[in-house]
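Trainee: Could you pick one small part of this chain and look at it closely with me? After that, I'd like to hear how it ties in with what lies around it.

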Amino acid sequence: MWNIFRQSIRTQLLFLLCVAMLPLLALLFFQNHRERADARNDAFARVRMVAEQTAQRLNQYLVDHEGVLARIAASPGVRALDGQACDPLIHEFVRLFPEYTNLAVQDLQGAMTARSSSANSRPRCWSGCPVTCRRTRPTA
């Protein structure tokens with residue numbers, strides 16, 4: 001059996017050093033783990049705060065534009081589906097709000113009564129994806 005007291009002084013000191021350093025090493029690893037967990041939790045809290053602020057700003061933006069569009073829909077020319085009466089209103093709206101590329105008034109059957117498009121808008125399909133024109137060569 002191995003006995004520490006029968007070893008040289010150098011070996012005994014090395015053993016004592018290892019015994020003293022093991023708890024310190026364990027504390028160092030534990031502290032490192034806690035700091036990493038705290039940093040991760042702080043990062044998640046900051047991301048959550050930014051996401052909540054962004055959601056609030058986006059919600060306010062949508063509420064504002066919903067109100068504007070509701071007022072346009074409530075105007076007499078749009079309610080009557082009169083294309084001549086609501087064209088100036090729609091053109092002015094698209095000019096004032098450039099984030100809207102186009103605005104159209106349709107009846108219940110989908111027939112367009114008035115429409116305005118900005119000059120730099122590209123045609124889009126109903127799902128919002130850009131419509132691309134494909135040129136095909138006729139086959140012989």
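Mentor: Let's start at S75, which counts as buried because its relative accessibility is 15%; buried means under 20% relative accessible area, exposed means over 50%, and partly exposed is anything in between, with a 1.4 Å probe and protein chains only. Keep in mind that this is a predicted model, so local features need pLDDT of at least 70, side-chain atom pairs count only at pLDDT 80 or more, and totals for chains, interfaces and linings use all residues. Numbering runs from 1 along each chain as its sequence is written, and side-chain values use heavy atoms, with hydrogens and water left out.

S75 sits in the loop between α1 and α2 (76–79); helices (H or I, at least four residues) and strands (E, at least two) are DSSP runs, numbered from the N terminus. A polar atom of the S75 side chain lies 2.8 Å from the backbone oxygen of I72.

Now step back into the helix before that loop. Helix α1 covers residues 9–74, 66 residues in all, and its end-to-end C-alpha distance is 96 Å, close to the 98 Å expected at 1.5 Å a residue (that expected span is 1.5 Å times one less than the number of residues). There is still a kink of about 30 degrees at M21, shortly before the proline P23; the bend is the angle between axes fitted to the seven residues ending at a position and the seven starting there. F15, also in α1, is partly exposed, with a relative accessible area of 41%, and its C-alpha is 8.4 Å from that of I4, 11 residues away along the chain.

Which residues of α1 are buried? They are A37, H65, V68 and I72. An α-helix has 3.6 residues a turn, so residues three or four places apart point the same way.

I72, the partner of S75, also belongs to the largest nonpolar core, whose 10 residues are V68, I72, V78, I90, F93, V94, Y100, L103, V105 and A114. Such a core is a set of buried Ala, Val, Leu, Ile, Met, Phe, Trp, Tyr and Cys residues joined through side-chain atoms within 4.5 Å. Two or more residues of this core come from each of α1, α3 (83–96) and β1 (102–106), and α3 gives the largest share, 3 residues.

H65 of α1 is buried at 7% relative accessible area. Leaving out neighbours within four places in sequence, H65 is in contact (heavy atoms within 4.5 Å) with F97, E99 and Y100. Core member Y100 touches H65, L69, F93 and V94, counted without residues up to four places away.

Further along, L81 is in the loop between α2 and α3 and is partly exposed, at 35% relative accessible area. Beyond four places in sequence, L81 touches V105, Q106, D107 and T113; the C-alpha atoms of L81 and V105 are 7.4 Å apart, with their positions 24 residues apart along the chain.

As for the whole chain, there are 3 helices and 2 strands, in the order α-α-α-β-β from the N terminus. Of its 140 residues, 14% count as buried. Among contacts with a separation of 6 or more, 33% join residues 24 or more positions apart. The chain exposes about 12300 Å², 60% of it from carbon and sulfur atoms, by the Shrake-Rupley method with a 1.4 Å probe.

Key: A polar contact is a pair of N or O atoms within 3.5 Å; within protein, one must be able to donate a hydrogen and the other to accept it, and residues adjacent in sequence count only if both atoms are side-chain atoms.
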